[in-house]
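Good morning, everyone, and thank you for making time for this. Please have the sequence and the model open in front of you while I talk.

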Amino acid sequence: MNLQQLETPLLVLDRVRMARNIARLRERLAPSGVTLRPHVKTNKSAEVTARIGAPGTPITVSTLKEADYFLAHGWQDILYAVGIVPTKLPHVEDLLRRGARLTLLLDNVEAARALAAWSRERGLEVPVLIEIDTDGHRSGVKPEDPALLDIAAALAPVADRAVAPTGHAGAWVAGVLTHAGDSYNCRSPEAIEALAEQERAGAVRAAERLRAAGHRAPVVSVGSTPTAHFARSLAGVTEVRAGVFVFFDLVMHGIGVCDTDDIALSVLCTVIGHQREKGWLITDAGWMAMSRDRGTARQPVDQGYGLVCDIEGRPLPDLVMIDANQEHGIVRHRTDAAATPMLPIGTVLRVLPNHACATAAQHGAYTVVAGGTEVEDRWERFSGW
Ligand SMILES: Cc1ncc(COP(=O)(O)O)c(C=O)c1O
């Protein structure tokens, strides 16, 4: 089977590019000796995740459904990196009883109290990371915030703090987690490097405060794809999380983390019409196929809904998907409508996505190629909560 013969739109994964991207981060992290705990929310696929680390290696998830799925496929060491709330605890218990070694995350005293009471009552050992806000991006407590020690105290009373985790019923302070999401707004390698250092230093400082208060806090978990690639030092860090590094996308290209020929995901589509006076090509990939993500709109180069390539995955000069209806894409030369090549009806194209996680989430499977247009395989991915 060749891409040329397939019904479009569909999601193409170039496994050669993907393998190169995975090797690049592994090589980058190797000298520091830190653990890579990939965020599998980007790929939601056992086939893809197995190529990052075999079943049994640590992973990060963003939903408990991801935890269910990956546990069923042999990954037990799972960090659920979204703040826990009491309504999800029955699901957590179910996962623990099925053999998951689940680590939870929280950033407030209310959740800590509820989790401590529940874990003691149910007789369950639950390692917990406290979320640290190192860049003002989203959730978490600041490294110097007095609330950090209040949250930890709510989780583990003084008598419990130094207890070895194994066999210890109840929640315990396993450490800290931070995600430097603001790295997506950086505009230079130096800025990403500086943010990576801010992320590292803030997380390490928070862990030191916890240890000084008697908590074991062995884990210092940091990461985003940009900071993972640009960190100069990982001193004090025990694990790095990254998700998008596997595929890369136009947002990562826009901040200088990858080249367009590193982007392993694309949406295959077909030219279905022309609006010659406007310089438009109409395709059958709209926002249902690309997602609504316009992550490059705030970057110096706005790539619209995606950068248009030929069927081999080579970018066509300045051809972008400027607009999207549900099942229609509008493709035009970036600046000069008259320069749009009026490609024949039926021409098959590939569109590189702004945000790999969002585009992949629109599809139920990866159509796998190895650098060319011959289809090697089809890997399922899942969605929903
Ligand atoms: C908590 C957490 N860790 C790690 C990541 C991975 O970062 P990236 O998507 O830049 O690879 C994310 C992504 O949103 C995240 O929310």
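I will go through helix packing, then the spaces inside the protein, and then two details of the backbone. Please keep in mind throughout that what we are looking at is a predicted model.

Let me begin with the pair α3 and α4, where helix α3 covers residues 64-72 and helix α4 covers residues 89-97, and where the two axes lie 11 Å apart at an angle of about 10°. Angles under 35 degrees count as roughly parallel, and that makes α3 roughly parallel to α4. The contact is built from L64, K65, A67, D68 and L71 on the α3 side, together with H91, V92 and L95 on the α4 side. Sorted by class, this contact of α3 with α4 holds five nonpolar residues, one polar residue and two charged ones. As for handedness, the crossing of α3 and α4 is left-handed.

Moving along the chain, we come to helix α5, residues 109-122, whose axis comes within 8 Å of the axis of α6, the two crossing at roughly 15°. The helices α5 and α6 are therefore roughly parallel to each other, and their crossing is right-handed. If you would like to find the contact on your screens, look for V109, A112, R113, L115, A116 and R120 in α5, which meet D150, I151, A154 and L155 in α6. In this contact of α5 with α6 there are seven nonpolar residues and three charged ones, with no polar residue.

Helix α6, residues 147-155, also packs against helix α7, residues 189-212, here at an angle of about 55° and with the axes 10 Å apart. How are α6 and α7 oriented to each other? At that angle they are oblique to each other, and the crossing of α6 and α7 is right-handed. From α6 the contact takes L148, L149 and A152, while α7 contributes A206, R209 and L210. Five of the residues in this contact of α6 with α7 are nonpolar and one is charged, and none is polar.

Let me turn now to the empty spaces, beginning with the largest pocket, which holds about 830 Å³ of space. Which residues are the closest to its centre? They are K41, H179, Y184, H355 and C357, out of 39 residues that line the largest pocket. The lining of this pocket comprises 13 nonpolar, 17 polar and nine charged residues.

There are also cavities, and the count of those of 30 Å³ or more comes to five. The largest cavity has a volume of about 60 Å³, and its lining is made up of E131, I132, D133, T134, D135, H137, R138, S139, T178 and H179. By class, the lining of the largest cavity has one nonpolar residue, five polar residues and four charged ones. You may have noticed H179 in both places: H179 is among the residues closest to the centre of the largest pocket, and H179 also lines the largest cavity.

I will finish with the backbone, where two places deserve a look. The peptide bond that runs from T8 to P9 is cis, with omega near 0°, and P9 sits in the segment before β1, the strand at 10-14. The other place is K44, which is not a glycine and yet has a positive phi of about 40°. You will find K44 in the loop between β2, at 35-36, and α2, at 46-52.

Definitions and conventions:
Residues numbered from 1 in each chain as written. Predicted model: local features only at pLDDT ≥ 70, side-chain atom pairs only at ≥ 80, totals over all residues. Heavy atoms only, no water. Axes fitted to C-alpha atoms, helices over the stretch in contact; angles between N-to-C directions. Helix = DSSP H or I, 4+ residues; strand = E, 2+ residues; numbered from the N terminus. Parallel < 35°, antiparallel > 145°, perpendicular 65-115°, else oblique. Left-handed = near helix turned anticlockwise from the far one by under 90°. Contact = heavy atoms within 4.5 Å. Nonpolar A, V, L, I, M, F, W, Y, C, P; charged D, E, K, R; others polar. 1 Å grid on protein atoms, 1.4 Å probe; cavity = no way out; pocket = protein on both sides within 12 Å on 5 of 7 lines; lining within 4 Å. Points joined across faces, edges and corners; volume = space filled by probe spheres on them.
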